[in-house]
Amino acid sequence: MSDPAVPGRGAAADVPSRNVERVELPPHRFAGLVAPAVDRAFAAGMLAGRDDAAELSSRYGGPAASGFLVEFRTRLATPGGTVSGPGLAALTRYRDPATCQRTLDKQVAYGMLQRVPDGGCCATDRGLAFLGELWQVHARATEELWAGHDDRVTRLVSALGRVLAYALVLAESDEPGAFAAMAPPHEPEGSPPGVLLLNRLDTLRHHRADAHAAAWTAAGHTATSVAALPPGPERLAIEQETDRRAAGPYAVLSAEERLVMLADLAALPG
C-alpha cells in the first residue's frame, strides 16, 4: 500500500505533545475507542457519495446488480481479485446464506459477477467497468467531504497503512476470515488520499469483525445468538475480548500516534 508524502511527526497533530505524553493508551484500550471512530468516518465517506453512487448503480441495473461489487470493491477491483467461498461466508456471517446465494445469482445474471469453483466470485469486465467509475465517485465525494483536512487525511492514510500491513503479518497464523478476504485493499497508482482513507478504514473494520466473531465463538455463541444478546455482563465480556483480539495491529503505533489517530478521526467532518 503506497502512501502519499507524510509530514514529520513534529507536525503530527493539533494535540499538544505535552498532553499526548501524559495519556496511557495501550493497544487493547485503543482498539475499543477507535472502533466507533473508524465506523463513523467510513460511514461518512460512503454517505457523501451515496447519491452519485446510486445514479451510477442505476445505469448498471441498480442495487440488485451491484450490491456485492460495492461491498467487496477493494478485493474485486484488484486485477484477478476473487472473494473465495470461505471469504464470502465470513464477510456475510450475520446474513442468511441462502439469501446471499440468491443475491449472488442475481448479480451473475446481470453480468456483473461470475462464480468461481469454491463458491466465491470475481468481477466480470462489466463489473470492473462499474468499479472504475465507482472509484471516481468516491474520489470526488471524499475530496469534497474532507476538504481543508489534508494533513489529517494524509496522517491517517499513513498510520492506517502501517496498521494494515502489520495486521496482514499477524493474520498469517490465523484462520482465514473477512480480513483475509479483503486485505490488502486495491490501491491503483494515483489513488487520491480520500479514496485511500475510505478503503483502508473499510478494510480495518473487517479485522475487528473477525476479532468479534472469534470472541463470541469462544463464548459459545453463534452469529444468531450473539445478535440477540441483550446488554449486560456477558455482552460486555465479549466486547472486551473483542478489543483484546483486535489490539495486535495497533502495537505498530506509538502511544502518541494512537492518540493522534483518535484526534484526527474525531476532527474529520461527517
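**Cores, cysteines and salt bridges**

User: Is E241 buried, partly exposed or exposed in this model?

Analyst: This is a predicted model. The relative accessible area of E241 is 22%. Buried would need a value under 20%, and exposed one over 50%. The value falls in between, so E241 is partly exposed.

User: Which residue forms a salt bridge with E241?

Analyst: Look within helix α13, which spans residues 233–246. The partner lies three residues from E241, about one turn of the helix. The closest N and O atoms of the pair are 2.6 Å apart. The partner of E241 is R244.

User: Which residues are joined into one network by salt bridges that share partners?

Analyst: Side chains of opposite charge can pair when their charged atoms come close. The structure holds 16 salt bridges. Some share partners, and these join into one network D39, R73, D202 and R205.

User: How many residues apart in sequence are the parts tied together by R155 and D264?

Analyst: The side chains of R155 and D264 meet in a salt bridge, at 2.8 Å from N to O. Both residues are buried. R155 sits in helix α9 and D264 in helix α14, so the pair ties together parts whose separation in sequence is 109 residues.

User: Which residue forms a salt bridge with E257?

Analyst: E257 lies in helix α14, and its partner is in helix α9, 95 residues apart. E257 is buried, at 17% relative accessible area. The partner is partly exposed, at 33%. The closest N and O atoms are 3.0 Å apart, and the partner is R162.

User: Which helix gives the most residues to the largest nonpolar core?

Analyst: This core has 34 residues, and V34, L197, L201, M261 and L265 have the most contacts inside it. Elements giving two or more residues are α2 (27–48), α9 (150–171), α11 (193–218) and α14 (255–267). With eight residues, the helix that gives the most is α9.

User: Which residues does M261 contact, leaving aside its neighbours within four places in sequence?

Analyst: M261 is among the residues with the most contacts inside the largest nonpolar core. Beyond its sequence neighbours, M261 is in contact with F30, V34, L156, A159, L160, V163 and L253.

User: How many residues are in the second, separate core?

Analyst: The second core is separate from the largest one. Its members include F72, V83, C121 and F130. C121 is buried, at 0% relative accessibility. The residue count of this second core is 29.

User: How many disulfides does a search of the whole structure find?

Analyst: Take C100 to start: the nearest cysteine sulfur, that of C121, is 11 Å away. For C121, the nearest is that of C122, at 7.2 Å. A disulfide needs two sulfur atoms within 2.5 Å, so neither C100 nor C121 is in one. For the whole structure, the number found is zero.

User: Is C100 buried or exposed?

Analyst: The relative accessibility of C100 is 4%. The cut-off for burial is under 20%. C100 therefore counts as buried.

User: Which residue's backbone oxygen lies 2.8 Å from a polar atom of the T203 side chain?

Analyst: T203 lies in helix α11. At 1% relative accessibility, T203 counts as buried. Its contacts beyond the sequence neighbours are T74, L164, F179, M182, A183 and P185. The backbone oxygen at 2.8 Å belongs to N199.

User: What distance separates the C-alpha atoms of T203 and L160?

Analyst: T203 and L160 are 43 residues apart along the chain. Their C-alpha atoms are separated by 9.7 Å.

Notes:
Residues numbered from 1 in each chain as written. Predicted model: local features only at pLDDT ≥ 70, side-chain atom pairs only at ≥ 80, totals over all residues. Heavy atoms only, no water. Core = buried A, V, L, I, M, F, W, Y, C linked by side-chain atoms within 4.5 Å. Buried < 20%, exposed > 50% of the residue type's maximum accessible area, 1.4 Å probe, protein only. Helix = DSSP H or I, 4+ residues; strand = E, 2+ residues; numbered from the N terminus. Contact = heavy atoms within 4.5 Å. Polar contact = N/O pair within 3.5 Å; in protein donor to acceptor, adjacent residues only side chain to side chain. Salt bridge = Lys/Arg side-chain N within 4 Å of Asp/Glu carboxyl O.
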